[in-house]
Amino acid sequence: APHNDTGGERGFSATNIALNQPVGCEMAMEKYGRTPWKPGDVRRLDVGVNHSVYNSSNENRFHIIIHGRTGNRYQDWKRLIVSSFLKRMREGDIYG
């Protein structure tokens, strides 16, 4: 169901890392329409905007979602999150 994660407050973001993206699973954001995803995509989303995900496949959708205020340091934030995730995978703590 369409919702926002902040009660409508804008500027609170979520960094979303797609671990997989089943065929038939779609995300839509108010004012932006459908947001295409593929495995490995990393995006920062304004979760104060109404959004929804519909999964018509038989496969679960797995995304890592990290909430916070990143300000103008998004690229640093993104590198930190992705490199930390990949390090944990290499060390065998996360199974891909």
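His-63 lies in strand 6, and that's a handy place to start looking around this predicted model. The histidine is buried, with a relative accessible area of 14%. From there, this briefing moves along strand 6, then to the largest pocket, the largest nonpolar core and a few loop residues.

**Around His-63**

- Which residues does His-63 touch, not counting those up to four places away in sequence? They are Asn-16, Ile-17, Ala-18, Leu-19, Asn-20, Gln-21 and Trp-37.
- One of these, Asn-20, offers its backbone oxygen, which the side chain of His-63 reaches at 3.3 Å.
- The side chain of His-63 also pairs up with the side chain of Arg-61, in a polar contact of 3.2 Å.

**Next door: Ile-64**

- Ile-64 sits in strand 6 too. Is it buried, partly exposed or exposed? Ile-64 counts as partly exposed, because its relative accessible area is 26% and that class covers what falls between under 20% and over 50%.
- Setting aside neighbours within four places in sequence, Ile-64 is in contact with Thr-15, Asn-16, Ile-17, Leu-19 and Phe-85.
- Take Leu-19: it is 45 residues away from Ile-64 along the chain, yet their C-alpha atoms are separated by 7.2 Å.

**The largest pocket**

- If you're hunting for open space, the largest pocket holds about 160 Å³.
- Its lining is made of 13 residues, and Asn-16, Met-27, His-51, Arg-61 and Ile-65 are the ones nearest the centre.
- Strand 1 (13-18), strand 5 (51-55) and strand 6 (63-68) are the elements that each give two or more residues to that lining.
- Which strand gives the most? That's strand 5, with three residues.
- As for chemistry, the lining splits into six nonpolar, five polar and two charged residues.

**The largest nonpolar core**

- Eight residues make up the largest nonpolar core: Ala-14, Ala-18, Met-27, Met-29, Trp-37, Leu-45, Val-47 and Val-49.
- Strand 1 and strand 2 are the elements that give two or more residues to this core.
- Two of its members, Ala-18 and Trp-37, have already come up here as residues that His-63 touches.
- Met-27 is another core member worth a second look, since you also find Met-27 among the residues nearest the centre of the largest pocket.

**Three loop residues to compare**

- Val-47, one of the core residues, is found in the loop between strand 4 (42-46) and strand 5. At 4% relative accessibility, Val-47 is buried.
- How far apart are the C-alpha atoms of Val-47 and Asn-4? They're separated by 5.7 Å, although the two residues are 43 apart along the chain.
- Asp-41 is in the loop between strand 3 and strand 4. Asp-41 counts as buried, because its relative accessibility is 13% and the cut-off is under 20%.
- The side chain of Asp-41 makes a polar contact of 3.3 Å with the side chain of Arg-43. Beyond four places in sequence, Asp-41 is in contact with Asn-16, Ile-17, Ala-18 and Pro-36.
- Lys-31 belongs to the loop between strand 2 (25-29) and strand 3 (33-35). Is Lys-31 buried or exposed? It's exposed, because its relative accessibility is 72% and the cut-off is over 50%.
- The backbone of Lys-31 deserves a glance as well: its phi is near 75 degrees, a positive value in a residue other than glycine. Most residues other than glycine have a negative phi.

Key:
Residues numbered from 1 in each chain as written. Predicted model: local features only at pLDDT ≥ 70, side-chain atom pairs only at ≥ 80, totals over all residues. Heavy atoms only, no water. Helix = DSSP H or I, 4+ residues; strand = E, 2+ residues; numbered from the N terminus. Buried < 20%, exposed > 50% of the residue type's maximum accessible area, 1.4 Å probe, protein only. 1 Å grid on protein atoms, 1.4 Å probe; cavity = no way out; pocket = protein on both sides within 12 Å on 5 of 7 lines; lining within 4 Å. Points joined across faces, edges and corners; volume = space filled by probe spheres on them. Nonpolar A, V, L, I, M, F, W, Y, C, P; charged D, E, K, R; others polar. Polar contact = N/O pair within 3.5 Å; in protein donor to acceptor, adjacent residues only side chain to side chain. Contact = heavy atoms within 4.5 Å. Core = buried A, V, L, I, M, F, W, Y, C linked by side-chain atoms within 4.5 Å.
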